Amino acid sequence: MNKGYIDIHSHILYDIDDGAGTIEESVEIIKVLSAAGFSTSLATPHNMPGNDRNALIARSKERINGISKRAGELGINYEILLGAENYFDASLNIKDLTDYFIPLGGSDMFLVEIPFIGEPSYHISALRKSGLHCLIAHVERYMEIAQYPDKAYLFKEAGFSLQMNVGSLIGVYGLDVMKAANQLLNAGIIDVLSTDIHDINHADSVLKKGFKRLEAIMPSLQIARVLRDVPLEILQNRYKKA
């Protein structure tokens, strides 16, 4: 059933990073997402320092067009928008992030991943100086936050929004991450839930067991808020954090 959910973090583009391997797998993932209530995915391949930004955008658009055409031939109406999971490490001293980062759709928001190991405050401080609107990818998975979930508030205090993976709620990334994810979701500081889908097996597990867990701990209106309303507001540059 189409509930208008928007998956703002996914790796559904085939043969472009560690996501889907073939166009057939990309289409199969879309089928599963659609059945789970999604109507739109942001294709967010890894964007790393040293990448040719324009080449990544061009290749991503080519993949999006190919997948959309194949899905359309199968009678699947599903929207795919361009984005990226932009890697940021403060020690790299990148002068102008706008020459490197790729935004989510046509918005002014950037999905950002920091190093998994180390003190997040080091990167938060440097990223804040950029003045960019950032959505921190899978905040619950960073080692320091998995151990000390309250450190996620450092991102909020810096003015950033937080994205969580649905799979974290069921232990896909380990017990510590699962505990942190449930604590942060219950605390009400997560702005967006996403799948961070990488392959069809991952999709099947996350969208069945993950959503079952989500429905057990969160009212339907709140689920719609983090899976549909906030992503739409972000894409339309309307999102104002509480």
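## A short tour: T40, I102 and a cavity

A polar contact of 3.2 Å joins the side chains of T40 and E79, so select those two residues as your opening view. Keep in mind as you look around that this is a predicted model.

**Stop 1: around T40.** Colour strand β2, residues 38-43, and you will find T40 within that strand. Is T40 buried or exposed? Its relative accessibility is 6%, so T40 counts as buried, the cut-off for that being under 20%. Now add the residues that T40 touches, leaving aside those up to four places away in sequence: Y5, I6, D7, Y78, E79 and L81. E79, the partner in the polar contact, is thus part of this set too.

**Stop 2: around I102.** Next, select the loop between β5 (85-87) and β6 (109-113), where I102 lies. With a relative accessible area of 3%, I102 is buried. Which residues does I102 touch, not counting those up to four places away in sequence? Show N47, R53, L56, I57, G83, A84, N86 and F110 to see them. Then try a distance label from I102 to T44: the two are 58 residues apart in sequence, and their C-alpha atoms are 9.1 Å apart in space.

**Stop 3: the cavity.** The structure holds one cavity of 30 Å³ or more, and the largest cavity has a volume of about 40 Å³. To find the largest cavity, select its lining: I114, P115, F116, I117, G118, E119, P120, H123, Y142 and E144. Colour these residues by class and you should see six nonpolar, two polar and two charged.

Notes
Residues numbered from 1 in each chain as written. Predicted model: local features only at pLDDT ≥ 70, side-chain atom pairs only at ≥ 80, totals over all residues. Heavy atoms only, no water. Helix = DSSP H or I, 4+ residues; strand = E, 2+ residues; numbered from the N terminus. Buried < 20%, exposed > 50% of the residue type's maximum accessible area, 1.4 Å probe, protein only. Contact = heavy atoms within 4.5 Å. Polar contact = N/O pair within 3.5 Å; in protein donor to acceptor, adjacent residues only side chain to side chain. 1 Å grid on protein atoms, 1.4 Å probe; cavity = no way out; pocket = protein on both sides within 12 Å on 5 of 7 lines; lining within 4 Å. Points joined across faces, edges and corners; volume = space filled by probe spheres on them. Nonpolar A, V, L, I, M, F, W, Y, C, P; charged D, E, K, R; others polar.
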